[in-house]
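Visitor: I am new to this structure, and I would like to learn how to read its features one at a time. Could we look at it together?

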Amino acid sequence: MDKQPLLSIKNLAIDFETRRGTVRAVRDVSFHLNRGEVLALVGESGSGKSVTAYSILNLLDKNGRLAEGEIFYNGMSLHNANKKQLEEVRGREIAMIFQNPMSTLNPIRKVGQHLRDMLKTHGYANWSNLEAEIEKLLHQVEIFDVDRVKNAYPFELSGGMCQRVMIALALACRSQLLIADEPTTGLDVTTQKSIMDLVHNLAKEGDLAVILITHDLGLAAKYCDKFVVMEKGLVVEQNPRSHFFADAAHPYTQKLLLATPSKDASLSELTSHSPDYLHLPEPSKATTPLLQVKGLRKTYGKQTNFLFSSATEEFVAVEDSHFEIYSGECVGLVGGSGSGKSTTSRMLSRLEDPTSGRILFEGTDITAISSKDFIRHPLRKDIQMVFQDPTGSLNPRHSVFDLISEPLLRLGAYRSKEDLNSKVEELTRQVGLPSEFIYRLPHQLSGGQKARVGIARAIALQPKLLILDEPTSALDVSVQATVLQLLETLRRELGLSYLFISHDLYVVKMLSHRLLVMQEGKIVEQGMTKEVMSNPQHPYTQGLMAAIPVIEKKSPALAEL
Amino acid sequence: MLYDKGLLILKRVMLAIPTFFGVMVISFCLTRTLPGDPAVYFAGVLADEASIQQVREQLGLDRSLPYQFLAYCQNILQGDFGRSLSTGQDVLDEIRTRLPASLELTLLGLFFALITAIPLGIIAALKPNSWVDHVCRILVTCGASTPIFFSGLFLMFVFYYLLGWAPSPIGRLDFIYLEPLHITGFYTIDALLVGDLETFKAAFSQLILPSTTLALCALAPIARMTRSSMLTSLESEYVKAAKANGIPAKKRVYLYALQNASLPLLTVIGLVFGFLLGGNVLVEKVYSWPGVGSFAIEALIASDYAAVQGFVLIMAILFVSLNLLIDIFYTLLDPRMGRNE
């Protein structure tokens, strides 16, 4: 009887009214989904994958409109459903979970109240079985300290816990279809694994159909049965898992597959054309370290005041770190959130003072200079940073020229306008930004271009050490691939040293010669990248490696490219 | 959790103490800088140099300022606000009889403002650029740009002089009515308590115009804040998620969005109240309202510094206590307060 698919979408088109007229964001999208199936809607930003999914429940923004096509859910047409019908379907038949679990829960309502709202709204419980029902739901999403979680506000829970609560909300009324919009972006890899395992189990055991919207092919490959690849509002490829990797025919899919980091891919293999840096020689490695870190420690005091007495609770962010970076070398620093990797980077770049320990840069103890004074110190030029959020780290009112020339004006010796102009031009060329972009403002740039501006700024003063704090985590995979290759090119050209920080072991390992693995403020493992990757010693490293979903093997067809 | 909150509230209450002290210093200093010599006024027109000097000594005005301040503090703590120079009455008694009149006016004004501004702000946020939104915008602009004495006179001109709908704007009650029995000092409430509907109606109709004047100027900030904070929370992820989960629109708007939007709103209401206390002085003058505001103006003109000091102090205490109350309320409403610092 279940021959008919649970959800089928036919020739969907979505229009958006913008100031510049109507824009068709999605065209001619068709796919279907059966019970117990997990479908991956894959694509990069702007591909229309989220818009497609949102249109199923008619959750488009006010200026969006379903222009053409049909959506059938369980024999019911959703494309022309009225408000009342839609409210019946939402949450009861089809539920959604979102990207940012902390902000998708009402900040001033307790978790229990959220669940009660849900159960009562859809009439799935009455006052007598309400609490029992809530307990059952929380158990289902593997939350066992029910009383604590029920009475907690969202801000008191971790991101992973909040996402579990969101899933519990989605399951509350026995929904048949779960739409998950990048549900694990922003969560730790280990949390990502547990959340995705949970969703997968619910699909397989509970006969739940799932649409997973993601940009991560590795994640999709691990958990999904069916792939729909979208590019610029069009479905470019659609295949069941068994055929997907072998038959990936469309150039866009191939590009995505290539760009996705994997266990055995090297940096040069991320793009189909061979990158420029290959003909550049490895910079010669010095025998004395450029940077030495000795017993670095950082604690944060949490003061609790009671009237006139105060007590200090200590929180250790970084504990007794030792490591070196040699010139011309790239060292990778990996760890989950809260592992202390960002605190380490902030101390090394002298934006923050360590509690104890020393940082020697070319033999000079730079911890002796306070972070306040380091701004004016000649060594400031030598240690530069590329920040994680390419948008947030650029002043939105400054043009690309202003942004790149700022460090030159402050710390460099550029007196004449011509010197400055030619230097900025040289830098934009180095990072691969077209020169006509120099008068654009950050919002007129794409994510990858903004990242390039951030890099140009950091290398403007010819630093010796560049600290890269997750420079590609906000970028699409294909953009990430080119930015990573750019970084490698710059390292070879300019003989830079990098400290590359990331939560993704497979990204880090492509650039790094050596790896440091951090957990809870401690460096638990360090060694040559190859050795650590092939034979991880510490259980935390092993756990990290196991948690990151990767495409096991690139298809032979792709290897030939 | 509860312990944390209790601590936070306690801290907040303790913080109010230095504020009160500061207010005492300022009110003391301000009145000393008033032009004119109170001893001259007090001694009377016919007094000679010697009797003026005598009065000055009597009032302690010949002593040093710090001494005067200490004496002043001591008196305040004993509940002695001094004697009004112009009426000869105890200042505290004077204020006590007049304060209910002012409070009745201010609170009703605030109430009128809230019941119009909040729904207006909500509807404007729900339908941006609709006609309600435009009405909201016009009201906000008018309210923010019309001075209070002008709107007061304007309303009086239209509704009393031209249309004749409002009773004559002289005081709290038309002279044909008797004051209701003093229970709370609020005529409307007292009248209701003794069951005198006739007097209630009369007292209320006297209140309408002056409190509407106050409401008009309080309306603007409240409506604007409601609109903008409702817009923010309506566009938030949690409202979107609630929509996806099938929580009905009513619940989304009034429970999810409004609850979150009410937090910044609360702060604004505290500010507006302070604003109204100030505005009161003008409105009372325009409508010959026998409240503390008109009392303060008369005292100011007569260089009656004990009365001015008393007025400033009472108003400051009112303002600080109200803000304290709002802060405590805020702490109770927002679970994030006092955590995650």
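Guide: We will go through the contact between the chains, then the record's annotations, and then a sheet. Please keep in mind throughout that this is a predicted model.

Visitor: How many residues does each chain bring to the contact between chain A and chain B?

Guide: Chain B contributes 32 residues to the contact, and chain A contributes 33 residues.

Visitor: What is the area buried between the two chains, and what share of that area do carbon and sulfur atoms give?

Guide: The size of an interface is often given as the accessible area lost when the parts come together. Between chain B and chain A the buried area is about 2700 Å², and carbon and sulfur atoms give 61% of it. On the side of chain B, the residues B:Ala244, B:Asn245 and B:Tyr256 supply 21% of the area that this chain buries against chain A, which is more than any other three residues supply.

Visitor: How many salt bridges and polar contacts are found across the interface?

Guide: For salt bridges, the rule looks for a side-chain nitrogen of Lys or Arg within 4 Å of a carboxyl oxygen of Asp or Glu, and it finds two of them across the interface of chain B and chain A. One of the salt bridges joins A:Asp117 to B:Lys251, with the closest N and O atoms 3.3 Å apart. As for polar contacts, six residue pairs are found across this interface, both residues being at pLDDT 80 or more.

Visitor: Which helices of chain B supply residues to the side that touches chain A?

Guide: Helix H1 (2-32), helix H10 (237-244) and helix H11 (249-286) of chain B each supply at least two residues of that side, and the largest share, eight residues, comes from H11(B). Sorted by kind, the residues of the side of chain B that touches chain A are 18 nonpolar, five polar and nine charged.

Visitor: What does the UniProt record say about chain B, and how do I set it beside the model?

Guide: An annotation from the record can be read next to values computed for the residues it covers. In an unreviewed entry, UniProt gives "domain: ABC transmembrane type-1" for residues 99-330 of chain B, and over those residues the model is 80% helix and 0% strand, with the end C-alpha atoms 27 Å apart. The unreviewed entry also annotates "transmembrane region" on several spans of chain B, among them 138-163 and 203-223. Residues 138-163 of chain B are 88% helix and 0% strand, and their end C-alpha atoms lie 24 Å apart, while residues 203-223 of chain B are 100% helix and 0% strand, with end C-alpha atoms 28 Å apart.

Visitor: Where does UniProt place the feature "domain: ABC transporter" in chain A?

Guide: The record, again an unreviewed entry, places this feature at residues 7-257 and 291-545 of chain A. Over residues 7-257 of chain A the model is 39% helix and 28% strand.

Visitor: In what order do the strands of the open sheet in chain A lie?

Guide: The four strands of this open sheet in chain A have the order E2-E1-E4-E5, with antiparallel pairing. Strand E2 (21-33) and E5 of chain A are the edge strands, each pairing on one side only.

Visitor: How are the strands joined to E4(A)?

Guide: Eight bridges join strand E1 (residues 7-18) of chain A to strand E4 (residues 64-73) of chain A, and within this sheet A:Asp15 has A:Arg65 as its bridge partner in E4(A). Two bridges join E4(A) to strand E5 (residues 76-77) of chain A, and these strands also run antiparallel. In the hairpin of E4(A) and E5(A), two residues lie between the strands, and A:Asn74 takes a positive phi near 50°.

Key: Residues numbered from 1 in each chain as written. Chains lettered and ligands numbered in written order. Predicted model: local features only at pLDDT ≥ 70, side-chain atom pairs only at ≥ 80, totals over all residues. Heavy atoms only, no water. Contact = heavy atoms within 4.5 Å. Buried area = accessible area lost by both parts, 1.4 Å probe. Polar contact = N/O pair within 3.5 Å; in protein donor to acceptor, adjacent residues only side chain to side chain. Nonpolar A, V, L, I, M, F, W, Y, C, P; charged D, E, K, R; others polar. UniProt positions renumbered as here; feature names shortened; annotations may be inferred. Pairing = 2+ DSSP bridges.
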